Amino acid sequence: MTTPKAKKTTQRKNLYLFLTIAFFLGIIAIFIFDGYMGVYDTVSITTQEREEVIEADYWSQDDYTGYVWAEEGQDVYFRYELDNRRFSTYSADVEVAIWFGEAKHSDLVSQAVNIGGFDKEEFSWTVDTGLLRPADIPETRDYEFSVIIKRDGVERRIIVHVSSPPVKF
Amino acid sequence: MKLEYVLFGFGILFCLAGVGYLAAQYVRYLSELGQLISLLLTVGLFTCLGKYFEEVGW
């Protein structure tokens with residue numbers, strides 16, 4: 001038969017074990033909850049029949065750059081989705097522009113956004129690769145340009161490689 | 001008998017090192033508030049674990 005003192009000791013021991021497990025589960029819950037919360041952006045790029053989706057996970061890698069290939073004259077369709085997984089409203093200025101190296105070529109989107117808690121906003125634009133060839137690059141050579149998305153100190157860069165049209169004999 | 005304890009010790013050490021490494025990798029992606037709460041919960045966890053072993057008689 002167990003004495004009241006021994007019973008109390010066992011209860012206290014079980015309580016500490018229970019609390020240890022509870023704290024551990026709390027840490028796991030924080031990891032899952034905190035990982036879900038935040039502002040996430042996804043870029044979808046369509047050229048011809050192929051759609052490439054750059055998820056928010058990729059952007060979290062340091063200096064991640066997206067790459068897309070297109071043939072000259074093709075349109076490249078971009079869709080940019082901002083997902084506000086927070087309780088508060090997310091406000092920012094979204095700017096999208098085409099860059100050749102360090103020189104800005106043209107603006108594609110310039111808009112202020114106010115996204116409510118757990119809401120999304122989507123932008124889309126089209127780039128006509130037939131109109132962008134720099135004058136100093138001959139028609140037989142491929143060229144590249146960058147589409148840079150800026151918002152709230154965050155920069156996303158997508159490099160578009162444009163293949164020159166096949167030479168006709 | 002003693003060798004078993006040494007092996008148990010190594011096993012526990014490797015488990016803790018593995019969990020610690022994974023946590024260190026993941027904690028970089030947590031917000032500052034999340035990191036603070038995780039730290040407090042970790043302190044609570046080890047305090048209660050220590051008290052548990054104290055009650056057990058270690």
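The paragraphs below go through a predicted model, from a sheet and a core in chain A to a helix in chain B. Local features are given only where pLDDT is at least 70 and side-chain atom pairs only at pLDDT 80 or more, while totals for chains, interfaces and linings use all residues. Residues are numbered from 1 along each chain as its sequence is written, and chains are lettered from A and ligands numbered from 1 in the order in which they are written.

Chain A holds an open sheet of 5 strands in the order β3-β9-β8-β5-β6, with mixed pairing. Strands here are DSSP runs of E with at least two residues, and helices are runs of H or I with at least four, numbered from the N terminus. Two strands pair if DSSP finds at least two bridges between them. In general, strands of a sheet pair through backbone hydrogen bonds, either parallel or antiparallel. The edges of this sheet are β3 (65-71) and β6 (103-115) of chain A; each has a single partner strand, so one side of each is left without a neighbour in the sheet. From one strand to the next the twist averages 20°, with axes taken as lines fitted to C-alpha atoms and angles running from 0 to 180 degrees between N-to-C directions.

Within the sheet, β8(A) and β9(A) run antiparallel and are joined by 9 bridges. Tyr143(A), for example, has Val162(A) in β9(A) as its bridge partner. The loop between β8 and β9 of chain A contains Asp152(A), whose phi is near 50°, a positive value in a residue other than glycine. Asp152(A) is exposed, with 11 other C-beta atoms within 10 Å. The cut-off for exposed is 12 or fewer such atoms within 10 Å, for buried 20 or more, and partly exposed lies in between; C-beta atoms are placed from the backbone. Gln48(A), in the loop between β1 and β2 (50-54) of chain A, also has a positive phi near 50°.

The largest nonpolar core has 15 residues, and Val43(A), Phe78(A) and Ile158(A) are among those with the most contacts inside it. Such a core is a set of buried Ala, Val, Leu, Ile, Met, Phe, Trp, Tyr and Cys residues joined through C-beta atoms within 7 Å. Two or more residues each come from β1 (38-47), β4 (75-85), β8 (143-151) and β9 (154-163) of chain A.

In chain B, helix α1 covers residues 2-27. Of the 26 residues of α1(B), the number buried is 0, so this helix lies largely in the open.

Notes
Expected span 1.5 Å × (residues − 1).
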